Amino acid sequence: HPDIAADDWSMVLEIDLSRSGLFRARLDAGDDPAPEPVFASSGVDMLPALSPDGQALAFLSDRSMSVQLWLGEVGQPATLRAVEGLQPLPRHPPVWSADGRSLLVLGRTDEGERLFEVEAATGRAHALAVPAARPVFAAYTGDPGRLLVGIDDGNGRVRAVLYRRTDWRVLAAEDDVALARYDPGADALLFSRSSVPGLWRSDASLRAIERVSAELPVPGHYRHWALFAGRAYSIVPDGDCATPWRPLAGAGEARCISREGMAVGGSPAVDAAGRWLYLGLPVSQNVDVGWARLPRPSLAKAANRTPLAARLMAKVMPRAAAGMTFGCATARCR
């Protein structure tokens, strides 16, 4: 979070060495279920994704001093391994295919941001030829020949596009979709928007759209929800609970998973039986303030340069440039 001085070539910035780890909590244990660590953390672990059979966990972490995709079997820390050759964007969790053989992951390349499909068994990553400059999210559907991809329109909005994978033909599209997730039980899509609060449902072809929640999630918490058994649940801080688990629509019991720690990055994962909820939670908070003198740009470079803040984010704060969220150790952090 750099802030540049108005009358001096200098800036202040946040130096964040906070840590977060992956935890799981029993959903049938009532309030305050005492989340237990899944893998030992040595950095910022976040955005977990559980395989359909509940055996493997994928997540993003900078424990190796750079952001990588990690895969491991739950309860078997010796199986934990990083996927080499992929620079994932820590914006959304990986998305598992229905057979558990592959994952969709957003990644950064020299040519820009791309959508990758990763083989779970080998760790091989293949860039998909999505005909869009900047994919934002992706989801498998019930049809292996179709893929839903969120596309940045360049004006601050995201458009959900349903593609046919053989030739990347556009089959359907919906504007203003911040994030979409596929519900295999109902063969439906649920999505939030970036302009208005609420949650919407459509069929797997992006037709028959209906609003299922009028108030939550709000745009600022567009990814702080999960799907289980066809229902959407919110983990947006509520009252004195930093991480609740409560239905977004209809009746249902709300539980408090963590009163102090807000889920890092949002987007939790839940197993098929509804017993375990997986999420990133703060482990330690270590935030300081830094100051840096900035070099004055030459007049020749000034005429054709990228915005100063963008260059500083890329050079001085690589974690922030990657989109990671740090310092969210209390319910006050949004």
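Visitor: Which residue in β8 does tryptophan 70 stand opposite?

Guide: Welcome! This is a predicted model, where local features need pLDDT of at least 70, side-chain atom pairs count only at pLDDT 80 or more, and totals for chains, interfaces and linings use all residues. Residues are numbered from 1 along each chain as its sequence is written, and side-chain values use heavy atoms, leaving out hydrogens and water. Across from tryptophan 70, in β8, stands alanine 82.

Visitor: How many bridges pair β7 with β8?

Guide: Strands here are DSSP runs of E with at least two residues, numbered from the N terminus. Two of them pair if DSSP finds at least two bridges between them. β7 and strand β8 (residues 76-82) pair in the antiparallel sense, and the number of bridges is 3.

Visitor: Which residue has a positive phi in the hairpin of β7 and β8?

Guide: That hairpin has 2 residues between its strands. Phi is near 80 degrees, a positive value, at glycine 75.

Visitor: And which residue takes a positive phi in the hairpin of β6 and β7?

Guide: Strand β6 (residues 56-61) is joined to β7 in the antiparallel sense over 6 bridges, and alanine 56 has glutamate 73 as its bridge partner in β7. The hairpin of β6 and β7 has 6 residues between the strands. With a phi near 75 degrees, the residue you are after is methionine 65.

Visitor: How many residues of β7 are buried?

Guide: Buried means under 20% relative accessible area, exposed means over 50%, and partly exposed lies in between (1.4 Å probe, protein chains only). Strand β7 spans residues 68-73 and is mostly covered. Out of its 6 residues, the number buried is 5.

Visitor: Which strands stand at the edges of the sheet with the order β13-β14-β15-β16?

Guide: This is an open sheet of 4 strands with antiparallel pairing. Each edge strand has a single partner, so one side of it is left without a neighbour in the sheet. The edge strands are β13 (135-140) and β16 (169-174).

Visitor: What is the bridge partner of tyrosine 140 in β14?

Guide: β13 and strand β14 (residues 146-152) run antiparallel and are joined by 5 bridges. For tyrosine 140, the bridge partner in β14 is leucine 147.

Visitor: Which residue in β26 is the bridge partner of arginine 24?

Guide: Here we turn to an open sheet of 4 strands in the order β4-β3-β26-β25. Strand β3 (residues 19-26) and strand β26 (residues 276-284) run antiparallel, with 8 bridges between them. The bridge partner of arginine 24 is tyrosine 278.

Visitor: How far apart are the sulfur atoms of cysteine 241 and cysteine 256?

Guide: A disulfide is a pair of cysteine sulfur atoms within 2.5 Å, and a search of the whole structure finds 1. Cysteine 241 sits in the loop between β22 (231-234) and β23 (243-247), while cysteine 256 is in strand β24 (residues 255-258), 15 residues apart. Both cysteine 241 and cysteine 256 are buried. The distance between their sulfur atoms is 2.1 Å.

Visitor: Is the link of cysteine 241 and cysteine 256 right-handed or left-handed?

Guide: The angle to look at is the one about the S-S bond. At 105 degrees, the link of cysteine 241 and cysteine 256 is right-handed.

Visitor: Is leucine 89 buried or exposed?

Guide: Leucine 89 has its place in the loop between β8 and β9. Leucine 115 is 26 residues away from leucine 89 in sequence and 9.9 Å away in space, C-alpha to C-alpha. The relative accessible area of leucine 89 is 3%, so leucine 89 is buried.

Visitor: What is the phi of leucine 47?

Guide: Most residues other than glycine have a negative phi. Leucine 47 lies in strand β5 and is buried, with a relative accessible area of 0%. Although leucine 47 is not a glycine, it has a positive phi of about 55 degrees.

Visitor: Which residues does a cis peptide bond join?

Guide: Most peptide bonds are trans. In the cis one here, omega is about -5 degrees, and its proline is in the loop between β20 (210-213) and β21. The two residues joined are leucine 216 and proline 217.
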